Structure formats: structure tokens, C-alpha cells
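Colleague: Hi! Have you got a few minutes to walk me through this model?
Modeller: Sure, here it is.

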Amino acid sequence: MKQASGTGKNATGIGMSPIDSKKLIEYALRALPSAGSEHAMEEVREAFTLDTGVIGSVPPPSSLKGMAKMALDAVKGNKATIFIDKLGERAAFERTGTRLYEAMLAKYDALGSYDGGPTRERLEEIRDEELEHLGIVNEAILALGGDPTVMTPGADIVGVQGIGLVQVLTDPRTTMDQCLSSLLVAELTDNDGWELLANLAEAMGHTEMAQAFREALDAEETHLDDVRRWIVATVGEAASLTSSGSEASPA
Amino acid sequence: MALDIFKETGVPLEKQEFDWRDLVREPISKLDDDAFTRVRVILMNGIENESWTFQHQFHRMNEALRLPLARVRRAEQHQQTVVNWLLPADQSVLETTIAYEQVAVEVTASLAQNEVDPYVKQVLDFGLLEDFDHLYRYSALLDRLEGKDANNILQSYTDVAPGRPTKEEHRDPFDDLREHYDHKRAAPITKINALTIVAAEQQTRNYYATVGNVYADPIARQLYAEISSIEEQHVTQYGSLIDPRETWLEKWLLHEVTEVYNYFGCMQQETNPRIKAIWERFVQYELGHLHVVMDLFRRVENRDPAEVLPATLPETISFKSQRDYVRNILETQVDLRPIGTQFVDKSQVPSSSPSHAYRARVNREGSPSELVSAGYRYIPGTELLDRARVLRGANGHGSRGRVQA
């Protein structure tokens, strides 16, 4: 299996250049630092935050049915807008999640698995469940009279967060364990996301919807358990390689 | 509302001041602003970068004008920053790419309709169908890499469908050069259109050439490499429309009037008042630059700027969906191919064409643009949404049926 932890020529540490690093440190200590402290940056961020608006808004429902439902939720004191935002967020997450598992399948096909690692069938199953969860959110948004193609602010933000995960999964140089650590980030977030959504639906009186979301949460909990177990197994495999004195070799 | 560029002198160059806070304003909203506000931001960033690039080339070739060029260029630098920093950080590189292609489609189509020289219009129509295809390929990548819908950026103004296939756009340089206009006879709008499109395409080429390495995915890296190469062909094509016999000062004058013209069009049509104020300010700044150059033109070349400049500004770019025009060009011209500077039906291109050999060479390991979009058709909400619906239907919508409110 491709391993990231083989010994090599990593040049990033200061200890790699004992003579030059000594010069670097001595010169930096002799130079006068700029006035002030790093708190100056906080002040600028604070000022910009106060001066600037938000990333975007949640649109009003595009259908009469949706407007009626939103008005009803408003009368009940419920935050229909927050709910729509969070639904959009979950839909975006499940879309990216499906693409992450597709990338993971390509990684699996290239590198294969290991003792206690994922099987292709299980990865496919999780991918399909992410897709099915997208379908559930889609039906929920439609049931509320919303537009499932809207990128809500929450959807936008998870898109920004997800870029790093996509980068790791699609990089041909990354290893199974590096990809699994990214999937762990995704699954942890997704679990909390579904729980929040289920609670929100419950609080707003959408009981049927809340139950569908809890079923999705059950599946997501299993995904999380699996990814955690696969990560532990990668360490186990690496440890066994080390103890037998074998060097990691590219797959 | 007309603008008399000879009477309106704008803000004098020495009064064109900036500070760092002024350069970094609140960006536009990816979600809430109209797509054409983003189109204008991207276009004007390209216009500013072309002016900056041109003025650098000029001062390396002219001793006497180095200082005025450096002074004007400093203002252009800061204007470019104000404009380009209006793009928000939550817009991913690929989403920004979708927006660049929307600029290429909508702006090219508008320029073509304003163009009075039939040959130049033909060149614009030819390039239009290639950028239209890029939009389709990048939309497939956005969907299949990040799981996002290109229409969140396009806002339904622009179609997402194949144009002239990107894999067929690769040509030998011989087939990318065009005939240039005659600077003594061409209408001012022809010169302004040529500079506008070369600026937009150059910006696109430079953007792809810079960000193509940002993505880890090998398909994404290959697609940017492939389309960046076409954008280089487009910069060659559109740059060759410009008459090389114009003097450097004449070209500078044309650059400045192109900036006035484009900022003015943006100002007239801007829907976001905060951004409109920036366009208004920069119309005044560019008028200031134009008058500096008009003065130099009179003194150095002993010529009247009215020889080169239009008496009144021509009709501006129309920042609106050009869907019908684009579809019509697609239906009637998708099979055109160049032989040297002329366009013919692809059936008339001889097998000895250097572009055939070139294409065979660059595509010999396959075409990234074909690979990324294999089987792709635009579907609102991404093709995943469609797959999710099918999957839910096949599963009878799970144990409890379709989700209800």
C-alpha cells in the first residue's frame, strides 16, 4: 500500500540545514521587530466584520404553496428561513459527499485495501446512501415549497469547507489513510448536521420529516463508525510493517 | 445619456488617490448580486490588466514617455485591485472559471452584434462558439468534482450545452492569425471591440494559466491545461485583428478610450449602487487618463486625437442574456473552421492542413475536455440530484415513503 510515512528527504525542518539555520536564527534575533503585536490583525478583522454585510440570503419560496407554509411557520414563531438554509446546507454536503466517495472508490481501485480496511462494496454502499440522503433533503425542500437548486448561505459555506476535502481525495499522491482522515472530517460534520436538522424539524412540528432525518442520521453514524475503524486499521498495518522492519514501498 | 469625451476631462491624474483600505472593499455577494455585476467585474479586471500590460511594453520601447506612462500605470494598477478584489473568497476557483466563461459568451455575443465590420464580426462569432463549449466542459467538472451546479453562478442567463467541441479547437498557429483592420479606415467601435475582446481573452488565459495548478485532481489540471491553450489561441486570434501600423501613442489613446467606453457601459447598467459608484468614479479617472494621452498625442505626434477617437462614444456592451443570438450562431456556424485567415465549412479543410496534424498530436493521449464531460447533460441542481431522485424512486422512497412536511 502507498504509505505517506516512509523516511525520505523532507527539507522543511530547520534541523535539515544546521549551518544556514544558525545564521537565519541569529540574524532574525538581531533585527528590530516591527512595532506593535499580532493583536493588530484582530482589530482589522473586527473592523471589517463590523463594516461588512453577510455572504448572502435565503430566497423566499418560489411557489404559492411554499409561501403559505413559510407564513404558517412564521405565525408559529418558527424560523422557517433557518430551516431552509440548513436543508440547503445538508443537500450541498451530501452532493459533495457523494463526489468524495466516488473519488475514494478511484483511490481504492488504484491502491487496494488492507487488513481491516474498507471493501469496495461498502464504499459503494456509503456513496449510494449519501446520494439517497440528498434525495431525502430534496423531497423535504420540495415538501416545504422550496427550490432545491438554491445555494443557500449554509450551502455556500460547506462548499468552502469541502474544498480541502475534495483536494485530498482527488490528489493522485494521497494515500488511503490520508483520504480516510478527510472522510472522517466529513462524516463527523455530517453526523452533527443531520442531528441538528432532525431536531430543527421536530421543533418546527415537521414530525414525519424529523423521523426521515433520524433514519439518515442512523446511517451516517454507521459511516462514521466504519471510517474510524478503517483509520485504526491503517495504523495497525503501519505498526506491523514497522515491527517487521519493512520499509513502506509505493503501491 | 451621452458622454462627450472631448469636453469631459474627468479627474486629473494627480487627484487620483487610493489607500489600502480603499483598495479592499466589501466584495459582491456570490449568492445575491446579479450575475451581470460579476460579469462586469471580471471584464473590467481584464480591461485594466491589458492597459497595465500594454503600458509596460510601451515604456520599454520609449525613453521620452517613461514617466507619464509610469504615472498613469500606477493608477491603473490600483483601479485593477479595487475591481478584482470585488470577487468574494467564497467563490471557488472553478466557480470563478464558470463566471469567466459567462463573460466570454455574453460579452463576445454583444460585441459581435455591435460590430460594423463583417469580417471582425465573423471572427467574434467564431470565437464565441469555442468559449460556449468551454462553459459546458467546466460545468461538468464543477458538478463532478465539487458536486456544484454551474447555474448558481450563471443564474439562467447562459445556456450550458456543447458548442464547437474543445478537442477540435486546437489549431496550428497558422490557422489562428486573422486579417487586421485598417487603422485609417476602421470605425472606432471596431478598434474598441478588438481591444475589449483581446483584454477579456488575455485575462482568461492568464487566469487559467495561473490557477490551473490549484486543483489536485488530475482531470481538472488537464482540463485547465487544455482550455488555457485555446485561450492562448484566442489571444493570438483577437490580437491579430489590431493594425500593427498604429503608432504606440495611437494605441495608448485607443486603450484609454476603451477603458472609458467600458466603465461607462458598466456604470449605465449596474444594478448594485455600491458597485455603480465605483464605475462612476473610474469613468472619471479614465477620462483623466484619456486627456493626458490626448495632450501627448498632440504634442509628440502633432496629430489631432479626433483622427482616432470617436466624436461620441459608440453604443456600449449590452449586459444581458444573448441566448437567442448565441443559439442562432451555434446552429449556423458550428462547423466553420479556419484555413489561414479565412473561414470555411470543415468539409473544405484539406487533409494536408497543419491543424489536422497539430490536433492529432495534442490529442494523441486523449482529450481532457471529452473525458470530463462524457455523458454529461446539464441538470438543475447537478446530475447527482437526478441520480438521487431515481435512487429514491427505485427504493420506493425508503421505509416511510416520500418525505412529507
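Colleague: What radius of gyration does chain B have, and what would a compact globule with 405 residues have?
Modeller: Chain B has 22 Å, and a compact globule with 405 residues would be near 22 Å, so the two agree. Keep in mind that this is a predicted model.

Colleague: Good to know. How big a box do the C-alpha atoms of chain B fill?
Modeller: Roughly 80 × 60 × 35 Å, taken along the principal axes.

Colleague: And how many helices and strands are in chain B?
Modeller: Chain B comes to 14 helices and 2 strands.

Colleague: What share of chain B is buried?
Modeller: 48% of the 405 residues in chain B count as buried. As for contacts in chain B between residues at least 6 apart in sequence, 84% join residues at least 24 apart.

Colleague: Switching to chain A, what is the secondary structure there?
Modeller: Chain A has 8 helices and 0 strands. Along the sequence the pattern reads α-α-α-α-α-α-α-α.

Colleague: Same two figures for that chain, please?
Modeller: Of the 251 residues in chain A, 37% are buried. Among contacts in chain A with a separation of 6 or more, 79% are between residues 24 or more positions apart.

Colleague: How many residues of chain B are in contact with chain A?
Modeller: 34 residues of chain B are in contact with 40 residues of chain A. On the chain B side, helix 5 (118-146) and helix 14 (383-394) each supply at least two residues.

Colleague: Which helix of chain B gives the largest share of that side?
Modeller: Helix 14 of chain B, with 7 residues. By class, the side of chain B that touches chain A has 14 charged, 11 nonpolar and 9 polar residues.

Colleague: Now some helix packing. What do people use to describe two packed helices?
Modeller: The angle between their axes, together with the distance between the axes.

Colleague: Then what are those values for helix 3 and helix 10 of chain B?
Modeller: Helix 3 (residues 66-84) and helix 10 (residues 273-301) of chain B pack at an angle of about 165°, and their axes are 11 Å apart. Angles over 145 degrees count as roughly antiparallel, so helix 3 of chain B is roughly antiparallel to helix 10 of chain B.

Colleague: Is the crossing of helix 3 and helix 10 of chain B left-handed or right-handed?
Modeller: Left-handed.

Colleague: Which residues make the contact?
Modeller: From helix 3 of chain B, they are P68(B), V72(B), A75(B), Q79(B) and V82(B). Helix 10 of chain B brings I278(B), F282(B), Y285(B), H289(B), V292(B) and L296(B). By class, this contact of helix 3 with helix 10 of chain B has 9 nonpolar, 2 polar and no charged residues.

Colleague: Any backbone oddities I should look at?
Modeller: Try S156(B), a residue other than glycine with a positive phi, near 65°. S156(B) is in the loop between helix 6 (151-154) and helix 7 (188-211) of chain B. N302(B) also has a positive phi, near 55°, and lies in the loop between helix 10 and helix 11 (323-333) of chain B.

Colleague: Is S156(B) buried or exposed? And N302(B)?
Modeller: The cut-off for exposed is 12 or fewer other C-beta atoms within 10 Å. S156(B) has 12, so S156(B) is exposed. N302(B) has 7 and is exposed as well.

Colleague: Last one: where is G8(A)?
Modeller: G8(A) is in the segment before helix 1 (18-30) of chain A. G8(A) counts as exposed because there are 6 C-beta neighbours inside 10 Å. From G8(A) to T174(A), the C-alpha atoms are 16 Å apart in space, with the two positions 166 residues apart in sequence numbering.

How values were computed:
Residues are numbered from 1 along each chain as its sequence is written. Chains are lettered from A and ligands numbered from 1 in the order in which they are written. This is a predicted model: local features need pLDDT of at least 70, side-chain atom pairs count only at pLDDT 80 or more; totals for chains, interfaces and linings use all residues. Two residues are in contact if their C-beta atoms, placed from the backbone, lie within 7 Å. Helices (H or I, at least four residues) and strands (E, at least two) are DSSP runs, numbered from the N terminus. Ala, Val, Leu, Ile, Met, Phe, Trp, Tyr, Cys and Pro count as nonpolar, Asp, Glu, Lys and Arg as charged, and the others, Gly among them, as polar. Axes are lines fitted to C-alpha atoms, for helices over the stretch in contact, and angles run from 0 to 180 degrees between N-to-C directions. Angles under 35 degrees count as roughly parallel, over 145 as roughly antiparallel, 65 to 115 as roughly perpendicular and the rest as oblique. A crossing is left-handed if the near helix is turned anticlockwise from the far one by less than a right angle, and right-handed if clockwise. A residue is buried if 20 or more other C-beta atoms lie within 10 Å of its own, exposed if 12 or fewer, and partly exposed in between; C-beta atoms are placed from the backbone. The radius of gyration is taken over C-alpha atoms; the globule rule is 2.2 Å times the number of residues to the power 0.38.
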